[in-house]
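Thank you all for coming; I would like to walk through one model with you, going from single residues to open and closed spaces and then to the aromatic rings. Please have the structure open while I speak.

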Amino acid sequence: MRFSKNQTWKAGALALILGLTPGHADAFQILGFRFFEGPPPPPEPGSVAYDVTFEVLGDERSLTLAVENASSLEEESGERSPGSAALLSRARGDYQRILASLYNAGHYAPTISILVDGREAANLPIDTELGDTADVRITVDPGPSYTFGSVSVTNQPGPVPDDDTVPPTIDEIGLVPGDPALATKILAGEAALVGRWRELGYPKAAIAHRQASAYHDRDQLDVAIDVAEGRPAVFGTTSVKGTQRMDPEFVAWYAGIQYGERFDPDAVDRARDQLRRLEVFNSARIVEADTINPDGTLDMGIEVAERPLRVFGGGLKYSTLDGAGAEAYWRHRNLFGRAEKLNLSASIGGIDAQDPDEYNYRVEATFLKPGVFTPYTDFSSTVFADQDAPDTYRARTVGGRMGLLHRPTTRITMSGFANFEAMTIDQTDYGDGDFLFASLPLSVEYDASNNELNPTKGYRLTASVEPFYEFVEGNVGAISQIDARAYYGLLDDRLVLAGRAAVGSIVGAPLQEIPASKLFFAGGGGSIRGYPYRGVGPRDPVTGDVHGGRSYFVGSAEARIGVTESIGVVPFVDFGNAFNSEYPDFDEPMKVGAGLGLRYNTGLGPLRFDVAVPLDPYEGDPNVAFYIGLGQAF
């Protein structure tokens, strides 16, 4: 078996995979499992060890899990109880916790028995002394499943404008006669009713009264909800607290809450997102005033805590393709009091190559000024110098760009830049020589997915065009790309079908006169898994080397299957190619890679480990490739 050239090991990624956590000197932990742990300490005097067994009549697995998850006795069963009183206190509390879990599942006439050493816990005095060990048995007869009988709502909101987020109706939630009477549906319905009134501009809407009556003779639950909508309001003044170096007036303006506009919770959510984008706050809260002013305005408050002004960092990496590497950066988060950022970075890669001329270098300085013209428009500029030496060419480039990023809505991001690069490219027969490259990269992204790192529904579309002029050869042309991704969740998102298609084209210049660093290649973790990075595309008829093309097409399909709450498996197939022609030539054969991935859900997103094989490898390609990352592949 040969390993892929793309197999990359990084110290940070490895630590994340292993989940290493500090502990005793003679123990370590991997993904929650401890190894080489010493003997446990002796038990505390008076403590009680106990075992818990469950019996839920009806043998419904989901209901048994709900009861077990609700039990404090079960949650703490791995440790000794500090004493008899503590154990009995847990047992008594479990009656209500288990009852609530049964209500959530639509069972309103259950029988719950918790026996401690054969005696009902509810009947034992709290000062009862147990022995060194105790036997706990929990028996639950959930009774029949209830459905909703009558459902009445007083002051139900009217139609809500279809904007960024629209709370569901009670019909969509299932709070309707005949549906399973889950208590969670009642709570969700109340939240939706309040949320829809807030969407209509009533910020102090609340549930005034709720009555739920269980009728055991017909196994139904009647529900009556009274909503108090309160007064309509518009946004009032926005105050800021907690700033030290930040300009508070700028913070209030950048949040984008406009005085006199109708109250809209989506505007509040977007303001939170705006404050997060500034990257200068450890925490940022937006607080609504307790009451609406007599003139109908509702004042808003922003409470922040600032982060340190400067931050620096670095990292080491090793790749069987690029060799050893290192990178470092220094960043100033708030140069002039309005979150202006300056970032200086440097990196070097491939430093185990015999010839330093084959190293990869990059030094870069980036300046970002948020809030230019509007709160949703940022100015960005970058200057850089680098050497990029993949297997197919070597490019030495100095350049820079400046332009604007604009977010007209929470789903749309637009950008436009002026870009200039001077480059020298060699070690290739295609796109080599000296080039002066000026361009205007323009892009628009529409993100209708529900999660950045682990989407389960929705789609994303990105389109870009980069008109260019190359001064040495005198070519005028354009580089265009479209990337579409879609996600569809099934079985409560335990199965997510995901697909991606991307296409690119370079028009206006002959293949030999386009800089090699601008040509399209396929293959690798973000393209066709199983093939080497930049290892798929048109090949020189004499040398057989991949030289890049003027167009490409790649596609991917995945089935993301949740095995447990934390672990999932993902069978996938990738396909595509790059082409000499200006537009993809679908008469050319597609390269296909297939494989299986493992996902481990962390708090930040799924940790990804993929194994892929090329189904039609070139001579010299690896038989298998491994990929590690954070977040889904696309």
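**From single residues to spaces and rings**

Setting aside residues up to four places away in sequence, P203 touches R198, R231, A233, F263, E288, I292 and L298. Before going further, I should say that this is a predicted model. P203 is placed in the loop between α6, residues 183-199, and β9, residues 206-215, and with a relative accessible area of 4% the residue counts as buried. It may help to set P203 against D219, since the two are 16 residues apart in sequence, while their C-alpha atoms are 37 Å apart in space.

Let me turn next to D222, which sits in strand β10, residues 220-228. Is D222 buried or exposed? Its relative accessible area is 14%, and because the limit for buried is under 20%, D222 is counted as buried. A polar atom of the D222 side chain lies 3.0 Å from the backbone nitrogen of S150. Leaving out neighbours within four places in sequence, the residues in contact with D222 are G149, S150, Q211, A212, S213 and Y215, so that S150 appears both in this list and in the 3.0 Å pair I just described.

The third residue I would like to show is T397, in strand β19, which covers residues 394-406. T397 has 7% relative accessibility and is buried, and, again without neighbours within four places in sequence, it is in contact with F384, A385, D386, E421, A422 and M423.

Now to the spaces. Rolling a probe the size of a water molecule over the atoms shows where empty space is left. The second largest pocket holds about 1,200 Å³ of space. Its lining is made of 32 residues, and those closest to the centre are D273, R276, R277, T410 and E452. Two or more lining residues come from each of α8 (265-278), β18 (377-388), β20 (412-426) and β22 (442-447). Which of these elements gives the most to the lining? That is α8, with eight residues. Sorted by class, the lining of this second largest pocket has 16 charged, nine polar and seven nonpolar residues.

Beyond that pocket, the structure holds two cavities of 30 Å³ or more. The largest cavity has a volume of about 50 Å³, and the residues that line it are R500, G525, G526, S527, R529, S556, D574, A633 and F634. By class, that lining divides into four polar, three charged and two nonpolar residues. The second largest cavity has about 30 Å³ of space, with R245, V280, E306, R307, P308, L309, R333 and N334 as its lining; here the classes are four charged, three nonpolar and one polar.

Finally, the aromatic rings. A pair of aromatic rings is described by the distance of the centres and the angle of the planes. The count in this model comes to 15 aromatic pairs. One of them is formed by Y446 and Y459, which are stacked, at 5.9 Å centre to centre and with 25° between the planes. Because Y446 lies in strand β22 and Y459 in strand β23, residues 458-470, this pair ties together parts that are 13 residues apart in sequence. Y446 is partly exposed at 31% relative accessible area, and Y459 is likewise partly exposed, at 38%.

What is the arrangement of the rings of F553 and F586? Their centres are 5.4 Å apart and their planes stand at 70°, so the pair is edge-to-face. F553 belongs to strand β26, residues 551-562, whereas F586 lies in the loop between β27 (567-579) and β28 (591-601), so this pair ties together parts that are 33 residues apart in sequence. In accessibility, F553 is buried, with a relative accessible area of 18%, whereas F586 is exposed, at 52%.

To end with the rings, Y103, Y108 and Y146 are linked into a cluster by ring pairs.

Technical notes:
Residues are numbered from 1 along each chain as its sequence is written. This is a predicted model: local features need pLDDT of at least 70, side-chain atom pairs count only at pLDDT 80 or more; totals for chains, interfaces and linings use all residues. Side-chain values use heavy atoms; hydrogens and water are left out. On a 1 Å grid over the protein atoms alone, a cavity is a set of points where a 1.4 Å probe fits but cannot get out, and a pocket is an open set with protein on both sides within 12 Å along at least five of seven lines; lining residues have an atom within 4 Å of a point. Grid points are joined across faces, edges and corners, and a volume is the space filled by probe spheres set on the points. Helices (H or I, at least four residues) and strands (E, at least two) are DSSP runs, numbered from the N terminus. Ala, Val, Leu, Ile, Met, Phe, Trp, Tyr, Cys and Pro count as nonpolar, Asp, Glu, Lys and Arg as charged, and the others, Gly among them, as polar. Buried means under 20% relative accessible area, exposed over 50%, partly exposed in between (1.4 Å probe, protein chains only). A polar contact is a pair of N or O atoms within 3.5 Å; within protein, one must be able to donate a hydrogen and the other to accept it, and residues adjacent in sequence count only if both atoms are side-chain atoms. Contact means heavy atoms within 4.5 Å. Rings of Phe, Tyr and Trp (its six-membered ring) pair if their centres lie within 6.5 Å; planes under 30 degrees apart count as stacked, over 60 as edge-to-face and the rest as tilted.
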